[in-house]
Structure formats: C-alpha cells, structure tokens
Amino acid sequence: MAYTIKNAPLSWRHIRIVAVASLGQLIGTGLATLVSVIIPLYQLISHPELSSGMQGLVGAMDLVGIMIGSAILGKLSDKIGYLALFRLCPFLILVSSVIALVIPNIYILLVCLFFMGFGIGGEYSLDSDYISELMPEKWKFTMVGAAKAASALGNIIVALVCFLIVKDWTDANEWPKLLWIMIAISGLMILCRIRFWQSPTWLAAQGRIKEAEDVTHDFLGNQVNIVVDQTSAPDTAKVNEKDGFLAFMKKQWKNVIFTGVPWACEGLGVYGIGVFLPILVMALGLEHAASGESAIVHVASSVEITLWISCIILPGFIIGLFLIPRMNGAKQQTIGFLMSALSLLILLFAYRNNWPHWISIGAFMAFELFLNIGPHLMTYVLPSKVFPVEVRGQGSGIAASIGKLGAVLGVFFIPILLKSGGSSLVLIVSIIVMLIGALVTYVFAPDHKL
C-alpha cells in the first residue's frame with residue numbers, strides 16, 4: 001500500500017530519524033551541565049579566584065555560540081539544504097572538545113565553548129526541521145517534542161557521569177578530562193549521520209522533484225512518497241522574501257516575538273539557573289557535605305543534588321508530550337511559566353525562612369517539572385507550527401537565537417546577582433522573568449489553534 005509522508009503509519013524509520021536528530025538536543029543541555037561542573041572546579045585552582053564576571057563569561061560562551069550559530073546556520077540551511085550542515089555541526093563540537101582537552105587553558109576553553117555552541121545552534125534549527133518535515137501529520141509535533149525531551153537525557157547522563165568521576169577526585173586540575181564526554185557524544189552523532197539524506201521537502205521547494213522522491217524512499221521506504229504541490233514548488237516571491245531579513249521581519253514579526261521572547265525567558269531558567277545549579281545549591285545551603293570536608297567534596301555533593309533535581313526534567317517532558325495533542329500549545333506554555341514562577345516563589349520563602357531542605361529541593365524539582373512541561377518543550381515546538389516551510393529554517397533559527405540571547409544574559413548576570421544580592425535576588429529576578437514569559441505568550445499567541 002502506498003502512503004504519503006503525511007498519512008504514513010509510524011515506523012522504525014521514523015523513530016530512527018527522531019533518534020538521530022535528538023542527539024543535538026542531548027549534547028546541548030549536556031554541555032551546559034558540563035560547564036556547570038567545570039566552573040566550580042576551576043574556581044578551586046584559579047589564582048586569583050575566578051571572578052563573578054569571568055564565571056558568567058565561561059557559562060555564557062557556548063550560549064553566545066548557540067545564539068549566533070542558530071541564526072546563521074538556520075538561514076543558511078534554507079539556501080543550501082540541511083544535510084551538509086547537519087554533519088558539520090557535530091564535527092565542530094568534536095574538534096573544539098579535543099582542542100579544549102589537549103590545551104587546558106581558560107581562554108582556549110572560552111574559544112572552544114563558543115565553537116561548540118555554534119555547532120549546537122545549528123542543531124537547534126536543523127533537527128526540528130528534519131523531524132517536522134518527515135513525520136506523519138498525526139505524530140509531527142509529538143515527535144518534535146520527543147526530540148526536545150532528549151535534552152533531559154543530556155542533563156541526567158552528563159550530571160551522572162560527572163558525579164561518578166568527580167566524587168573520587170582529589171585534584172581539581174583534572175577538569176579537562178570531563179571533555180571526553182562531549183567527544184564521545186559528538187563522535188556518536190557523526191557516525192549516526194553518515195547514512196542520512198537531504199530534506200525531501202527542501203529539495204521539492206527547489207524544484208528538484210526526482211531527488212525529493214528518491215530521498216523520501218531512502219528515509220521512509222519505497223511505499224512512502226512525497227506529494228508535490230504549490231507549497232513545495234519554487235516560488236520567486238517567497239525566495240526573494242526569505243533572502244531579505246527586513247522583509248522577513250515585516251511579515252513575521254508577531255511570530256518572532258511569540259516564539260523568541262518566551263524562549264529567551266525560558267533560557268534563563270534552563271541555562272541561567274541550570275549552568276549555575278551546583279553553585280546555587282551550595283549558596284542555598286542544600287548540599288550535605290560536612291563543613292570540615294574539602295572544597296572538592298562540597299562540589300561533588302552539589303553535583304549529586306544537581307543530578308537528583310535534573311532527574312525530574314524527563315518526567316516533565318513526558319507529561320508535556322502527553323499534553324501536546326490535548327492542549328493548546330500557547331496555553332500549555334503560559335501555564336508552565338506561571339507554575340515555574342510559583343515554584344521559585346516557594347523556594348524563595350523556604351530559603352528566607354529556613355524551612356527544611358526537603359521543601360527547598362522539592363520546590364526546585366517543581367520548578368524543573370513545570371518548566372519542562374511548558375516553556376522548555378513548547379518554545380521548541382511552536383516555531384515549527386507558526387513559520388511557513390519556505391522560511392522555517394530562518395524563523396526557527398531566529399527564535400532560537402533570541403532564546404539564547406536570554407540564556408546568555410541569564411548566565412552572565414546570575415553570578416553577578418549572586419554576588420551583589422545573594423540567592424534571594426537571583427530567585428526574585430527569575431520569578432519576574434517567568435511572569436514576563438507567561439504574559440508575552442498570552443498576548444502574542446496567534447488566533448489559530450496551535
């Protein structure tokens with residue numbers, strides 16, 4: 001029986017596409033978790049002590065790369081296709097990781113983190129494009145969300161491996177060895193993408209119909225065909241439109257605000273808090289190492305608490321995926337922001353009033369749960385819903401770039417806020433940002449069903 005891409009039954013070929021594309025999400029949050037461990041380790045060996053500004057710079061550098069990479073590579077993919085960039089991105093991550101490993105210098109690390117982030121930025125626009133264009137209509141956005149859920153595995157796997165390694169260390173100078181984690185993941189990504197093909201939808205949009213039909217069969221089997229209609233045929237007006245940024249923004253500015261600004265607000269929670277989670281755990285007094293223990297033991301204990309908090313991310317994504325076909329996407333994102341703000345408010349009261357640690361850790365877990373049920377999942381899904389296919393790479397890339405701008409600002413300023421106003425100021429600012437995310441989502445949500 002013959003099928004089209006839209007009505008084909010879900011098969012193992014679809015699962016393989018999602019699995020290969022999802023590795024970009026996994027390595028993105030994995031790198032953020034890795035940096036969150038490297039920063040306190042480097043503090044132990046830096047003379048003078050790593051300043052709050054330098055901590056912010058180290059934490060933000062890969063996010064700067066993501067912000068720039070997602071915008072540049074997203075737009076470039078609309079012009080030259082997805083496949084070459086889909087293979088280039090993990091190669092950049094691999095090479096940068098190796099350089100940072102063999103030259104353990106803080107300034108070399110900054111440069112390497114930028115290029116690692118640049119590659120991850122490309123991943124953030126390309127993987128959602130591949131998935132949304134190759135999945136059956138019934139499963140499209142659930143599978144896009146499932147790819148995003150792989151970021152939870154990045155948090156958990158890297159936190160677990162870091163804890164198992166660091167807990168036996170006595171010398172913080174061994175921190176470069178943690179980069180083997182990135183080398184292993186990026187190497188796996190390259191191997192998985194050897195047998196991968198160009199986007200058939202992109203090929204059809206260029207008028208390369210025969211090639212589009214062939215790669216559709218390569219991806220999904222001979223029984224699945226691509227249907228070429230006016231939306232996939234070359235359109236000079238559309239091509240000219242996507243070549244001009246101002247023309248793109250003139251038509252798509254509401255969609256850019258709707259997808260980009262909440263993504264920036266979410267970025268503070270995922271990366272701003274995430275990158276400094278071990279340090280925040282210590283600042284809030286939640287780690288359980290005895291006061292007389294060595295500094296590296298306190299770091300290992302904070303990484304352990306980080307691991308337990310990170311474990312709630314995956315259930316959050318699973319619940320969010322369950323809700324995608326049952327709830328309006330903008331509503332799901334708005335509620336997630338509001339509940340994240342409430343969770344941080346409880347954490348603030350627990351810290352200020354010296355409530356038991358289990359309440360603070362529970363509030364932290366609730367924050368991660370609702371952040372991933374709503375904003376962290378939906379900010380990734382919604383660009384594929386609102387931007388038309390001819391500018392989807394550019395639209396997704398710009399949204400991701402704005403999102404990472406928020407993450408960069410969050411990561412850079414959190415250690416400064418922590419130094420100037422303590423944990424309370426960090427939590428208050430984070431609550432305000434979550435509320436802004438909810439407000440923008442509510443106000444700019446398109447009228448049509450998402």
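Start by selecting Ala60, which sits in helix 2, the run from residue 52 to residue 80. Keep in mind as you click around that this is a predicted model. Ala60 counts as buried because its relative accessibility is 4%, below the 20% cut-off. Show its neighbours and you'll find Val408, Val411 and Phe412 touching Ala60, leaving aside residues up to four places away in sequence. For a distance check, pick Pro104 as well: Ala60 and Pro104 are 44 residues apart in sequence, and their C-alpha atoms are 18 Å apart in space.

Stay in helix 2 and move to Gly53. Is Gly53 buried, exposed or partly exposed? Gly53 counts as partly exposed, because its relative accessibility is 25%. Now draw a line from Gly53 to Val224: these two are 171 residues apart in sequence and 54 Å apart, C-alpha to C-alpha.

Next stop, helix 5. Select residues 140-166 and pick out Ser151 inside that helix. Ser151 has a relative accessible area of 0%, so this serine is buried. What does Ser151 touch, if you ignore residues up to four places away in sequence? Its contacts are Gln25, Leu26, Thr29, Phe317 and His376.

One of those names, His376, takes you straight to the next selection, since His376 is among the buried residues of helix 16. Select residues 375-386 to get the whole of helix 16. This helix has twelve residues and reaches 16 Å from its first C-alpha to its last, close to the 16 Å expected at 1.5 Å a residue. Helix 16 is mostly covered, with eleven of its twelve residues buried. Colour the buried ones if you like: Pro375, His376, Leu377, Met378, Thr379, Tyr380, Val381, Leu382, Pro383, Ser384 and Val386.

Now for a helix that does something else. Select helix 17, residues 392-444. How far does helix 17 span between its end C-alpha atoms? Just 19 Å, whereas a straight helix of 53 residues would span 78 Å at 1.5 Å a residue. Zoom in on Gly421, where helix 17 bends by about 130°.

Helix 10 is another one to view end to end, so select residues 245-275. Helix 10 has 31 residues, yet its end C-alpha atoms are only 32 Å apart, short of the 45 Å a straight helix would reach at 1.5 Å a residue. Centre on Gln252, the site of a bend of about 80° in helix 10.

While you're in helix 10, click Gly260. Gly260 is buried, because its relative accessible area is 0%. Outside the residues up to four places away in sequence, Gly260 touches Ala399, Ile402 and Gly403. Add Asn353 to the selection: Gly260 and Asn353 are 93 residues apart along the chain, with 36 Å between their C-alpha atoms.

Now bring in helix 14, residues 329-352, next to helix 10. Two packed helices are described by the angle between their axes and the distance between the axes. Here the axes come within 12 Å and cross at roughly 35°, and the crossing of helix 10 and helix 14 is left-handed. Which residues make the contact? On the helix 10 side, show Phe258, Pro262, Cys265, Glu266 and Ile273. On the helix 14 side, show Ala330, Gln333, Phe337 and Leu344. By type, the residues of this contact divide into seven nonpolar, one polar and one charged.

Follow the chain past helix 14 to Asn354, in the loop between helix 14 and helix 15, which covers 357-373. Check its backbone: phi of Asn354 is near 55°, a positive value in a residue other than glycine. Asn354 counts as exposed because its relative accessibility is 69%, over the 50% cut-off.

For the last stop, select helix 8, residues 209-220, and find Ala212. Ala212 counts as buried, because its relative accessibility is 0%. Its contacts, not counting residues up to four places away in sequence, are Pro200, Leu203, Ala204 and Ile226. Finish with one more distance: Ala212 and Leu371 are 159 residues apart in sequence and 38 Å apart in space, C-alpha to C-alpha.

Methods
Residues are numbered from 1 along each chain as its sequence is written. This is a predicted model: local features need pLDDT of at least 70, side-chain atom pairs count only at pLDDT 80 or more; totals for chains, interfaces and linings use all residues. Side-chain values use heavy atoms; hydrogens and water are left out. Helices (H or I, at least four residues) and strands (E, at least two) are DSSP runs, numbered from the N terminus. Buried means under 20% relative accessible area, exposed over 50%, partly exposed in between (1.4 Å probe, protein chains only). Contact means heavy atoms within 4.5 Å. Axes are lines fitted to C-alpha atoms, for helices over the stretch in contact, and angles run from 0 to 180 degrees between N-to-C directions. A crossing is left-handed if the near helix is turned anticlockwise from the far one by less than a right angle, and right-handed if clockwise. Ala, Val, Leu, Ile, Met, Phe, Trp, Tyr, Cys and Pro count as nonpolar, Asp, Glu, Lys and Arg as charged, and the others, Gly among them, as polar. The expected span of a helix is 1.5 Å times one less than its number of residues. The bend at a residue is the angle between axes fitted to the seven residues ending there and the seven starting there.
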